[in-house]
Amino acid sequence: MSIMAAAAAAPKIAFSDAPEKFAEVGAKSRLKVGLIGCSGRGMGAVDNMMEAAGGAVKIVAIADLFADRLEVARKFFEKRTRQYPERYKDAIDIPPERAFFGWDAYKKLIAEDVDIVIHATPPVFRPLHIRAAVEAGKHMFVEKPACVDPVQARQLMEIADMADKKSLTIIPGIQRRFSPAYQESIKRMQDGQIGEIVGAQAYWLNPRFFIQNKGELYVPEMDPEEMEYQIRNWFVFAWTSGDCYVEQHVHNLDVIRWGLGRDPVEVNGIGGRRWDIEFPKMGDRFSHFGVDYDFGGGVRCASYSRREQKSKDYVMERFIGTKGVLELDLGSATNRIIGQKPWEYKGPRPEPIVQEHRFLLDCLLNNKPVNMLRDMIDSTLIAIAGRESCYCGRNFKYAWLKNRSKLSLEPKEWKFGKKPIEGVRLPGIYKLV
Ligand SMILES: NC(=O)c1ccc[n+]([C@@H]2O[C@H](COP(=O)([O-])OP(=O)(O)OC[C@H]3O[C@@H](n4cnc5c(N)ncnc54)[C@H](O)[C@@H]3O)[C@@H](O)[C@H]2O)c1
């Protein structure tokens, strides 16, 4: 199905709970979808789209750097087709000639007749692949975070402008934005229900060092200083993932930026890595971070992020006002105000990771393009600033990092072979660039 270029104004976010809404369109002509990055979240995102689509989409192409991942995805889709025959009926159409692997797999997929690209590779590939997709006029669902460094963030801002000129829809995986409970909570706060906002807190404390591959390293027998090792185990290396502070905590920092409606002025962080985490086998990532963000006017946000085995789980966002406190937690379904005007969200709680696909399909099928890429870039940049402050052990102005930092973690060339890892960064010695 071809997607018509659409009206200029960004539509108000309106959600449909009913996949039936899309079924009629799907019965006539399905949207064609290609998946780049065929593991955990990539397959999960396809699953979420299937649930949302009510027959309006068809997966027609897949791409991954590694051939073995294509097979994993194929088996997953076969299993799902058996489990959910209604949802998956006639929805998987991936002949071998539309299953691509290798460094150029993304280009080959983008060259196919696909309307939507789902992007779920490690974060470092985001700008390269999104640029190619936008140049080819594809709509996208893009996983978080947006990127790993400020140079990539600036590239993505240009790409976002290009997407606007082409009336493309880009929906990012910052799923709290798609939760009706979060939407109502943030609106109430912005309408003054907790008074004047004086502070905020954000937490993502995780009891596992990583969650991919059921907590096991891929290719553990391989030399960690090989490119393949680092890309397969992207979640333990800073250059591939942005570090866990960026990769995981971007969700909570996105809520803080959404709620406060502005960027921070200054960042000041402390962080480190537990001594018993093996280097370089377990990457060069830190394991814990704490960042004080100064949002100006006396408003500060304290942010905490940890990924350490057997530590305690704690994930939430909190806004502190002169008349109350707003608490938000997606996992435990907490959305409440404590204070002079107490409130608790009692409305529907559709899965935000399905809602984001309903919203994407709604945009495409009703010709009302929405490009939310900038929101994810801005929130990712705030996380990158926090990470860099922890790495170097000093405070700095956020605007410097956003506009002037030359930090670039991307390799000059994409090829397999030796890729040395310098070491775990040492605060006080690591230099900002
Ligand atoms: N929104 C959420 O809640 C959520 C949850 C989990 C993961 N994620 C994000 O999704 C992304 C993927 O995470 P995951 O857990 O699925 O990781 P994963 O390792 O399970 O999957 C990544 C896939 O990308 C492939 N890949 C790597 N480099 C590639 C390239 N150059 N071209 C094509 N394919 C390539 C890998 O081979 C692998 O199959 C990450 O950015 C992660 O932060 C988001």
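A residue is taken as exposed if 12 or fewer other C-beta atoms lie within 10 Å of its own, and as buried if 20 or more do. By this criterion Ala 333 is exposed, because 10 other C-beta atoms lie within 10 Å. The place of Ala 333 is in the loop between strand S12 (324-329) and strand S13 (334-339), and its phi is near 55°, a positive value in a residue other than glycine. A comparable description applies to Lys 310, which lies in the loop between strand S10 (300-307) and strand S11 (314-321) and has a phi near 60°, again a positive value in a residue that is not glycine. Lys 310 has 7 C-beta neighbours inside 10 Å and therefore counts as exposed.

The structure described here is a predicted model. The mean pLDDT of the protein is 93, with 94% of its residues reaching 70 or more. Over residues 1-18, however, the pLDDT is below 50, and in the model this stretch has 27 contacts beyond near neighbours in sequence.

The secondary structure of the protein comprises 15 helices and 15 strands. The radius of gyration is 21 Å, close to the 22 Å given by the globule rule for 433 residues, so the protein is as compact as a globular protein of that length. Taken along the principal axes, the box filled by the C-alpha atoms is roughly 55 × 55 × 40 Å. Buried residues account for 48% of the 433 residues. Of the contacts between residues at least 6 apart in sequence, 80% join residues at least 24 apart.

The chain is divided into two domains, each assembled from two segments: domain 1 (20-176 + 353-372) and domain 2 (179-349 + 379-403). The centres of domain 1 and domain 2, taken over C-alpha atoms, are separated by 25 Å. Across the boundary, 16 residues of domain 1 are in contact with 23 residues of domain 2. On the domain 1 side, the touching residues are divided by class into 11 nonpolar, two polar and three charged.

The ligand is surrounded by 26 residues, of which Gly 37, Ser 39, Gly 40, Arg 41 and Leu 65 come nearest. Helix H2 (40-53), strand S2 (57-64) and helix H5 (105-110) are the elements that contribute two or more residues to this shell, and H2 gives the most, with three residues. In terms of class, the shell around the ligand has 12 nonpolar, eight polar and six charged residues. Both domains take part in the shell, since at least three of its residues are drawn from each of domain 1 (20-176 + 353-372) and domain 2 (179-349 + 379-403).

Two further loop positions illustrate opposite environments. Val 236, in the loop between helix H9 (227-232) and helix H10 (238-241), counts as buried because it has 26 C-beta neighbours inside 10 Å. When residues up to four places away in sequence are set aside, Val 236 touches Phe 210, Met 282, Gly 283 and Arg 285. The C-alpha atom of Val 236 is separated by 30 Å from that of Met 50, a residue 186 places away along the chain. Pro 96, by contrast, lies in the loop between helix H4 (85-88) and strand S3 (99-101) and is exposed, because 8 other C-beta atoms lie within 10 Å. Arg 285, one of the residues touched by Val 236, is 37 Å from Pro 96, C-alpha to C-alpha, with their positions 189 residues apart in sequence numbering.

Cis peptide bonds were assigned at two loop prolines. The bond joining Lys 144 and Pro 145 is cis, with omega about -10°, and Pro 145 is found in the loop between strand S5 (139-142) and helix H7 (150-165). The peptide bond from Phe 279 to Pro 280 is likewise cis, with omega near 0°, and Pro 280 is placed in the loop between strand S8 (266-272) and strand S9 (288-294).

Key. Residues numbered from 1 in each chain as written. Predicted model: local features only at pLDDT ≥ 70, side-chain atom pairs only at ≥ 80, totals over all residues. Near = placed C-beta within 6 Å. Helix = DSSP H or I, 4+ residues; strand = E, 2+ residues; numbered from the N terminus. Nonpolar A, V, L, I, M, F, W, Y, C, P; charged D, E, K, R; others polar. Domains from an automatic or database assignment. pLDDT = per-residue confidence, 0-100. Contact = placed C-beta atoms within 7 Å. Rg over C-alpha atoms; globule rule 2.2 N^0.38 Å.
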